[in-house]
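Visitor: I'd like to learn how to read a structure like this one, feature by feature. Could you walk me through it?

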Amino acid sequence: MNMTAPRRPMEIVILGLSLSSAWGNGHATTFRALIKGLAAEGHRVLFLERDVPWYAPHRDLPDPDFCELVLYSDPDAMLAEYGDRLRAADSVMIGSYVPDGIALIDRLAAMGLRQFTFYDIDTPVTLQALDDGTCEYLAARQIPLFDIYFSFAGGAVLTHLHDVRGARRAEALFCSVDEALYPSQPEMTKRWDLGYLGTYSPDRQPTLEALLLEPARRLPEMRFVVAGPQYPADIDWPANVDRIEHLPPAEHPDFYNAQRFTLNVTRAAMRRMGWSPSVRLFEAGACGVPVISDDWPGLDEMFPDGQAILIAGGTEDVVRGLEKDARRIGEEARRIVLNQHTGRARARDMIHAMTTHPATI
């Protein structure tokens, strides 16, 4: 792909779920890596975030040095105050799960913006919610309003968005990692044989049960850990599984590097559609920690099975995988991530899409 840079820095406004708080969501770290990459490429970003009470006590990045962050309480007041900047921006992006997203999209689409894009960090989940009539941040009728529909998922999802959903243009924009924050530390003492980092999700829990909790029961001599909020109190945690309720992003690198292996678990809708790598996958890969993952279409093409990742179909695969010395696998995953999945690489992907004519799908 020709990543020719635009002649001048771009002025970009992003309305996203959160940049200031990574508590209970994967959006913040995705936006941080991307926007930091945009800043490194010389572009300027204004990030508009709804001030909501559940993130307010957990703001781990209240004042980023790589963009301008504004918290707003009232959408009408925000649009009145920042309307001129929105209209003057080279591109305006709104993300998935933004509060009052449907109303905001309609208002923004009527403002005559130079370029209007959507960044779906949850594409398969979004499409399922649209089918179910439960999507609160995007209406099916709004998909054709965007100049570009940036999708967290690639592959056949892009063709589906264009041919079935009416997107003018669909482009993959995977999540990414800020490699400066996720160093490899092979000398660190390994506290756990296998760990998992992720907020509780009912559709992920059966996979977590099969790929971590059951292996922990079968391997009582090994140590396991699950970090993340919102897990129900009635889960039967084996005695050799440690629990960490919340792990702020600053502690993620040490957490990964303290594991012999780390587990990647994908939400059911993303697993069905495929081509939906999680930010946790890239974080662990950047640290050079070998990953055991559930399977989905496209994973083996991004990270070859047995070379850069171990793909597990069930408990037995994990038990066998934990017997391996997988340092080489972790090193190959790190090479792939640093070459293709950093925030700066993703920023170049995004700017290239925004500044080139639509490709034929």
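Visitor: Let's start with a helix. Which elements do the buried residues of α4 pack against?

Guide: Keep in mind that this is a predicted model. The general idea is that nonpolar side chains tend to be buried together in soluble globular proteins. Here, the buried residues of α4 pack against β5 (116–120), β6, α5 (156–163) and α8 (268–273).

Visitor: Which residues of α4 are buried?

Guide: Thr123, Pro124, Val125, Thr126, Leu127, Ala129 and Leu130. With 7 of its 10 residues buried, α4 is largely enclosed by the rest of the structure.

Visitor: And what comes just after α4?

Guide: Gly133, which takes a positive phi of about 75 degrees. Then look at Thr134, in the loop between α4 and β6 (148–151).

Visitor: Is Thr134 buried or exposed?

Guide: Exposed, because its relative accessibility is 52% and the cut-off for exposed is over 50%. If you want a sense of scale, pick Gln307: 173 residues separate Thr134 from Gln307 in sequence, and their C-alpha atoms are 40 Å apart in space.

Visitor: Now sheets. What is the strand order in the sheet with β8?

Guide: In general, the strands of a sheet pair through backbone hydrogen bonds, either parallel or antiparallel. In this model there's an open sheet of 6 strands, in the order β10-β9-β8-β11-β12-β13, and the pairing is parallel. At the edges sit β10 (241–244) and β13 (310–311), each pairing on one side only. Helix α6 (residues 205–218) packs on the sheet, where it touches β8, β9, β10 and β11 (259–264), and the direction of α6 makes about 140 degrees with that of β9.

Visitor: How many bridges join β8 to β11?

Guide: There are 4, and the two strands run parallel. One pair to click on is Trp192 with its bridge partner Gln259 in β11. On the β9 side, β8 (residues 192–197) pairs with β9 (residues 224–227) in the parallel sense, also over 4 bridges. There, Gly195 has Val225 as its bridge partner, and Tyr196 stands opposite Val226.

Visitor: How many residues of β8 are buried?

Guide: 6 of its 6, so β8 is mostly covered. For another strand, try β2 (residues 44–50): 6 of its 7 residues are buried, so β2 is largely enclosed by the rest of the structure. Strand β1 (residues 11–16) pairs with β2 in the parallel sense over 6 bridges, and Leu15 stands opposite Leu48 there.

Visitor: What about loops? Where is Met222 found?

Guide: In the loop between α6 and β9. Don't assume a loop residue has to be out in the open, though: Met222 is buried, because its relative accessible area is 15% and buried means under 20%. Leaving aside neighbours within four places in sequence, Met222 is in contact with Asp193, Asn240, Arg260 and Leu322.

Visitor: Which residues touch the most other members of the largest nonpolar core?

Guide: That core has 58 residues, and the ones touching the most other members are Ile12, Ile35, Phe150, Phe303, Met350 and Met354. Take Phe150: beyond four places in sequence, its contacts include Met93, Phe118, Leu173, Met350 and Met354. Apart from that core lies another, of 36 residues, among them Ala89, Phe118, Ile143 and Leu161.

Visitor: Last topic: empty space. How much space lies in the largest pocket?

Guide: The general trick is to roll a probe the size of a water molecule over the atoms, which shows where empty space is left. In this model the largest pocket holds about 950 Å³. It is lined by 47 residues, of which Asn25, Gly26, Asp122, Arg204 and Arg267 are the closest to its centre. The largest share of the lining, 4 residues, comes from α9.

Visitor: And how many cavities of 30 Å³ or more does the structure hold?

Guide: Just 1. The largest cavity has about 90 Å³ of space, and its lining includes Ala22, Asn25, Leu197, Thr199, His246, His252 and Arg280.

Methods
Residues numbered from 1 in each chain as written. Predicted model: local features only at pLDDT ≥ 70, side-chain atom pairs only at ≥ 80, totals over all residues. Heavy atoms only, no water. Pairing = 2+ DSSP bridges. Contact = heavy atoms within 4.5 Å. Axes fitted to C-alpha atoms, helices over the stretch in contact; angles between N-to-C directions. Core = buried A, V, L, I, M, F, W, Y, C linked by side-chain atoms within 4.5 Å. Buried < 20%, exposed > 50% of the residue type's maximum accessible area, 1.4 Å probe, protein only. 1 Å grid on protein atoms, 1.4 Å probe; cavity = no way out; pocket = protein on both sides within 12 Å on 5 of 7 lines; lining within 4 Å. Points joined across faces, edges and corners; volume = space filled by probe spheres on them.
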